[in-house]
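Trainee: I should like to learn how to read salt bridges in a model. Might we work through a case together?

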Amino acid sequence: MTPPIDVVVPVYNRWEMTESCLANLRLQTQSHTMIVCDNGSTDGTPDRLRVSFPKVHVLELGANFGFAAACNRGVRAGSSEIVVLLNNDVDCRPDFLERLVAPFRDDERIGSVAALLLKPGDGTIESFGLAADPTLAGYPRLRGLPAPNAQPTDPVLVGPSGAAAAFRRRAWDAVSGLDEGVFAYGEDVDLALRLRAAGWSTAAASDAVAIHSGSASAVTRSAWQRYQGGFSRGYFLRRYGVLCRRTALRALATEAIAVAGDALIFSHDLAALRGRVVGWRAAGGLPRHRPPPDDAIDDDITFVKSLRLRLGVYSGDAGACT
């Protein structure tokens, strides 16, 4: 028997995406409870939800508290054994949930499962979970490769992308969910690392397929996005004590190149640097996280490869993390 499932969808405006996402969820072959957590939308999303999807549990936060806060509140509002996080810009195939939660039945040690997200139209992979390099920077696995290339073991899977992820509630609760210290970016990598450090394993379901239609908007690389991304990186570098480990020089070199490239070549401002400084300071005094086990880290992501993956963010194609 498949355990009960709560699907938590954090939203902020973009009603047309939310409507499409929930319409596809309504067609699922697997029964579930839908929980939409509204981060202070100004386009009438909560009222539209009550009219178009009366069975959906709607949580109104009243303001935009960020991805982590919305997801955590949505998860707390449910009680099912399995929790699925789903961005509102993701459209699922009808058997998506059924396929995504299947690995939980096979192994009680599995705490999370990654879905296969495809780009719209061309059948290429947007992400098949996440991989982490030795400095604990995270990257979408297999991005840009044809969908038939998706496989669960190589490169090393650290955990699922927060855009479409399943979690065992016991695992989620054991590590207290997402870290609300960051507003956006990197929370899913951090959660994956903490779950692995706590002894939970992860899996990838190549037959749980969805289209991540809104992912292309992330490449606009506004100053706000670059600041938030920098904040997240500085915050988690300090929380994991990366600069006190053997990878410190690599981490410093990588961040220096990323910040310099942003300031001198791509964006011509210091948003990425300011974010890292403020994020580093925000993590001051907080307890350090335990490092993940060695088998959660992909040592094949070399210094040069990590720079290439970051460079791809600016060109709109982060490249395949292989």
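Trainee: Is Arg73 buried, partly exposed or exposed, and what is the relative accessible area of Arg73?

Mentor: In this predicted model, Arg73 has a relative accessible area of 29% and is partly exposed, because the partly exposed class lies between 20% and 50%. Glu180, at 38%, is also partly exposed. These two residues form a salt bridge, with 3.4 Å between the closest N and O atoms. The pair links distant parts of the chain, 107 residues apart: Arg73 belongs to helix 3, whereas Glu180 sits in the loop between helix 5 and helix 6.

Trainee: Which parts does the salt bridge between Arg99 and Asp207 tie together?

Mentor: In general, side chains of opposite charge can pair when their charged atoms come close. Here, Arg99 and Asp207 meet at 3.9 Å, N to O. Arg99 lies in helix 4 and Asp207 in strand 11, so parts 108 residues apart in sequence are tied together. Arg99 is partly exposed at 37%, and Asp207 is partly exposed at 37%.

Trainee: Where do Glu108 and Arg168 lie?

Mentor: The closest N and O atoms of their salt bridge are 3.7 Å apart. Glu108 is in the loop between helix 4 and strand 6, and Arg168 is in strand 10, so the pair joins parts 60 residues apart in sequence. Arg168 is buried, with a relative accessible area of 1%.

Trainee: Which residues are linked with Glu108 and Arg168 in a network of salt bridges?

Mentor: Glu81 and Arg170 belong to that network along with Glu108 and Arg168. The structure holds 21 salt bridges.

Key:
Residues are numbered from 1 along each chain as its sequence is written. This is a predicted model: local features need pLDDT of at least 70, side-chain atom pairs count only at pLDDT 80 or more; totals for chains, interfaces and linings use all residues. Side-chain values use heavy atoms; hydrogens and water are left out. A salt bridge is a side-chain nitrogen of Lys or Arg within 4 Å of a carboxyl oxygen of Asp or Glu. Helices (H or I, at least four residues) and strands (E, at least two) are DSSP runs, numbered from the N terminus. Buried means under 20% relative accessible area, exposed over 50%, partly exposed in between (1.4 Å probe, protein chains only).
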